[in-house]
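Colleague: Got a minute to walk me through this one? I'd like to start with side-chain packing.

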Amino acid sequence: YVAFNTGHYDGETYLDILEPYIRRIKTELRLLVGVQTPPHEDLSRYDRLRAMGVNRVSFCFEIFDRRRFEEVCPGKHAYYGLDRYLDAIRYCADLGQRGPAMEPWVTNGEIIAGLEPPESSIRAIEWMTSVGAIPTVCVFRPLRGTDFEAEPPPNTEDLIPVFRRLYESCMEHKLPIGCAPNVHVSLVLLPEECASLSSRRYPMQRLK
């Protein structure tokens with residue numbers, strides 16, 4: 001599995017830069033490929049990615065509360081806006097029914113828990129799963145030398161309902177979590193890793 005992750009490029013050239021590498025990897029190595037970039041203005045570019053065999057697209061919008069998004073993410077707010085992130089997630093989640101039948105397809109939306117109220121993070125999770133996207137939930141950690149180094153980290157107890165809802169909402173919407181073996185990520189809890197936080201068992205979905 002190869003993941004490409006880029007930030008902002010003037011002229012939205014990030015997909016232009018990545019596509020030649022994606023084509024060679026899919027043609028010569030046939031590996032799974034993931035792409036995380038800002039949301040492109042031309043949504044048909046994601047049809048192209050799907051057609052060339054990309055398996056995962058991810059959009060890191062970080063904050064779901066609109067006022068807080070503007071405060072925490074002034075660059076993303078100025079260049080893209082929250083709506084463009086959400087539109088791209090919704091559009092890409094629908095692409096699973098199109099494209100190469102033998103290439104799996106997943107859309108992720110990424111948020112950072114701890115910089116907005118837990119209730120807002122839960123609303124973000126429920127919105128993403130409702131459109132067919134799988135949330136990625138990072139936990140805010142203040143780092144020295146950053147604008148937010150003085151911000152307190154969130155309390156563990158405050159985030160337990162967020163990660164409980166992450167698991168439950170993915171299961172309720174029958175999203176394909178826990179399918180890839182031996183995936184361990186230090187920065188996030190994957191949805192399936194949150195199962196122990198819930199008293200609900202979903203036997204048929206787990207069997208599937």
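Modeller: Sure. Start at Ser169, which touches Ile125, Glu126 and Thr129, leaving aside residues up to four places away in sequence. Bear in mind that this is a predicted model.

Colleague: Which element is Ser169 found in?

Modeller: Helix α7.

Colleague: And is Ser169 buried or exposed?

Modeller: Buried. The relative accessible area of Ser169 is 1%, so it falls under the 20% cut-off.

Colleague: What joins the side chains of Ser169 and Thr129?

Modeller: A polar contact of 2.5 Å.

Colleague: Switching to rings. How many aromatic pairs does the structure hold?

Modeller: Six. One of them is Tyr167 with Tyr202: the ring centres are 5.8 Å apart and the planes sit at 75°, so this pair is edge-to-face.

Colleague: Where do Tyr167 and Tyr202 lie?

Modeller: Tyr167 is in α7, residues 156-172, while Tyr202 is in the loop between α7 and α8. The pair therefore ties together parts that are 35 residues apart in sequence. Both Tyr167 and Tyr202 are buried.

Colleague: Which residues do ring pairs link into a cluster?

Modeller: Tyr79, Tyr80 and Tyr85.

Colleague: Now the core. How many residues has the largest nonpolar one?

Modeller: It has 58. Ile22, Val54 and Phe61 have the most contacts inside it. Helix α7 gives the most to this core, with seven residues.

Colleague: What does Val54 touch, not counting residues up to four places away in sequence?

Modeller: Ile22, Val33, Val35, Leu49, Pro104 and Trp105. Ile22 is also among those with the most contacts inside the core.

Terms used:
Residues numbered from 1 in each chain as written. Predicted model: local features only at pLDDT ≥ 70, side-chain atom pairs only at ≥ 80, totals over all residues. Heavy atoms only, no water. Phe/Tyr/Trp six-rings, centres within 6.5 Å; stacked < 30°, edge-to-face > 60°. Helix = DSSP H or I, 4+ residues; strand = E, 2+ residues; numbered from the N terminus. Buried < 20%, exposed > 50% of the residue type's maximum accessible area, 1.4 Å probe, protein only. Polar contact = N/O pair within 3.5 Å; in protein donor to acceptor, adjacent residues only side chain to side chain. Contact = heavy atoms within 4.5 Å. Core = buried A, V, L, I, M, F, W, Y, C linked by side-chain atoms within 4.5 Å.
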